[in-house]
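This report looks at selected parts of one protein chain, and it is meant to be read beside the sequence and the coordinates. It begins with a single helix, passes to loops and backbone geometry, and ends with enclosed spaces and the chain as a whole.

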Amino acid sequence: MALEMKVPSPGESITEVEIAQWLVESGDYVEKDQAIAEVDSDKATLELPAEESGIITLMAEEGDAVAVGQVVCLIDTDAAKPEGGDAKAAAAAETPKAEEKKVETPVAPAKTETYATGTASPAAKKVLAEKGIDATQVKGTGRDGRITKADALDAKPSLGTPGLGARGESRKKLSMLRRKVAERLVSVKNETAMLTTFNEVDMQPIFDLRSQYKETFKSKHGVSLGFMSFFTLACVRALKMYPAVNSMIDGKEMISYDFQDISIAVSGPKGLMVPVIRNAENLSFRGVESEVKRLAVRARDGQITVDEMTGGTFTITNGGVFGSMLSTPIINPPQSAILGMHNIVERPIVRDGQIVVAPIMYVALSYDHRIIDGKESVGFLVAVKEALENPEELLMDTNVTKALEL
């Protein structure tokens, strides 16, 4: 019996996927629930498991876009599992190898060098190589058009003429995930009134707390006390103060939320992914760090699901891990705002009337000006700055050990 394996629906609103990679070949014997392919949707990369055991016949090629419900392979469930390997290996063992034919390669006759036009003397060749000039671009004045050393010294590269370096190119089809990200980014720029406001944060208080408690925190909870928990909880506090930033437009209506689902932009093997920390307002420092680690590992290993990336009321992205000093992050639709973190650099600042060197991070808030006014956007970013520069009072209620659950 040949079982038709169809593409299952990976999530609501997804109508097609792309075969990213077959993990088996036609003729292989597969076990039930064995991963046979990786498929890309516009949101994530998912594994396709075999529905039954048997010999598989592939019906689609890598890179093909296939509709949900379309047959992508057949599995012969009546086929017995071959002894000592798959069906292809067994078949190959029964087929005698053809005798190898020796093919003699004819020897090309030796070339007789002549002083034809474009031929350069050894000294001229050296000069031209140093200048990066092709000998065919130089007119020789020597016998029979031979390029002399004087010709090489006088030669100048022609503007616009390719040099002697490599000039190769390659083409690679964009994955469905990358194409969808591109479409969404362009639509955001075209369909929203996006604006960005900036500020700077003195990270010294957070540096001091992490220096004092990070080892104890990690040994007790098994996760590091990173910057993301401080930023997430600072954003939760600011979103409660400025609910318009925690809203989005739906047609002619504005939807506001009384919870904070924080999307965290992470770089995965297939591109940018944005898993969601649900109800971040109910999480402690330990809870945020544990969830960030869990989602980052799942994204890195290609195990993140569509449900884990669906929703979110506000996004945090950290370009600082790649060395970015400043940027204008693009809103993650249908959300209305996104916070961009950047690298931390020691800069001179004025503190208590004195010029001191401090670890400074520039932060950026991009927002949809259609529903978020300048007063709210600037107020939100200032509230984030205040919480980060005074975390013990505003994020830990003046009780560090309790907040860190130490």
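On one side of helix α2, the residues Pro122, Lys126, Ala129 and Glu130 are exposed, whereas Ala124, Val127 and Leu128, which belong to the same helix spanning residues 122-131, are buried. Seen down the axis of α2, these buried residues fall within an arc of 95 degrees, and they therefore line one face of the helix. The partner of that face is α3 (149-154), against which the buried residues of α2 pack. Directly after α2 comes Gly132, with a positive phi near 70 degrees. As with everything described here, these statements concern a predicted model.

**Two buried polar side chains in loops**

Asp28 is placed in the loop that runs between β2 (16-22) and β3 (29-30). Is this residue buried or exposed? With a relative accessible area of 13%, Asp28 is buried, since the limit for that class is under 20%. Its side chain reaches the backbone nitrogen of Glu25, and the distance is 2.8 Å.

A second case is Asn343, found in the loop between β17 and β18 (344-351). Asn343 has a relative accessibility of 17% and so counts as buried. A polar atom of the Asn343 side chain lies 3.3 Å from the backbone oxygen of Gly323. If neighbours within four places in sequence are left aside, the residues in contact with Asn343 are Gly320, Gly323, Ser324, Met325, Ile360 and Met361, so that Gly323 appears both in this list of contacts and as the owner of the backbone oxygen just mentioned.

**Backbone geometry in loops**

Two aspartates have a positive phi, and they are set side by side in the table below.

| Residue | Phi | Loop | Relative accessible area |
|---|---|---|---|
| Asp33 | about 75 degrees | between β3 and β4 (35-40) | 57% |
| Asp397 | near 55 degrees | between α10 (391-394) and α11 (400-403) | 64% |

Asp33 takes up its positive phi although it is not a glycine, and Asp397 likewise shows a positive value in a residue other than glycine. As for their surroundings, Asp33 is exposed, and Asp397 is exposed as well, the class being set at over 50% relative accessible area.

Another point of backbone geometry concerns the peptide bond from Pro333 to Pro334, which is cis, with omega near 5 degrees. Pro334 belongs to the loop between β16 and β17 (337-341).

**A pocket and a cavity**

The second largest pocket has a volume of about 580 Å³. Its lining is made of 25 residues, and those that lie nearest its centre are Met228, Val266, Val292, Asn318 and Val321. Elements that contribute two or more residues to this lining are α6 (227-241), β13 (266-268), α7 (285-300) and β16 (314-318). Which of the elements gives the largest share of the lining of this pocket? The largest share comes from α7, with 4 residues. Sorted by class, the lining of the second largest pocket contains 14 nonpolar, 9 polar and 2 charged residues.

Apart from this pocket, the model has 1 cavity of 30 Å³ or more. The space in the largest cavity comes to about 30 Å³, and its lining consists of Ile264, Val266, Pro275, Val292, Leu295 and Ala296. Here too α7 provides the largest share, in this case 3 residues. The lining of the largest cavity has 6 nonpolar residues, with no polar and no charged ones. Val266 and Val292 deserve a second look in the structure, for they are listed in the lining of the cavity and also lie among the residues nearest the centre of the second largest pocket.

**The chain as a whole**

The secondary structure of the chain amounts to 11 helices and 19 strands. Of its 406 residues, 39% are buried. When contacts between residues at least 6 apart in sequence are considered, 65% of them join residues that are at least 24 apart.

Note on methods:
Residues are numbered from 1 along each chain as its sequence is written. This is a predicted model: local features need pLDDT of at least 70, side-chain atom pairs count only at pLDDT 80 or more; totals for chains, interfaces and linings use all residues. Side-chain values use heavy atoms; hydrogens and water are left out. On a 1 Å grid over the protein atoms alone, a cavity is a set of points where a 1.4 Å probe fits but cannot get out, and a pocket is an open set with protein on both sides within 12 Å along at least five of seven lines; lining residues have an atom within 4 Å of a point. Grid points are joined across faces, edges and corners, and a volume is the space filled by probe spheres set on the points. Ala, Val, Leu, Ile, Met, Phe, Trp, Tyr, Cys and Pro count as nonpolar, Asp, Glu, Lys and Arg as charged, and the others, Gly among them, as polar. Buried means under 20% relative accessible area, exposed over 50%, partly exposed in between (1.4 Å probe, protein chains only). The arc is that of the directions from the helix axis to the C-beta atoms. Contact means heavy atoms within 4.5 Å. A polar contact is a pair of N or O atoms within 3.5 Å; within protein, one must be able to donate a hydrogen and the other to accept it, and residues adjacent in sequence count only if both atoms are side-chain atoms.
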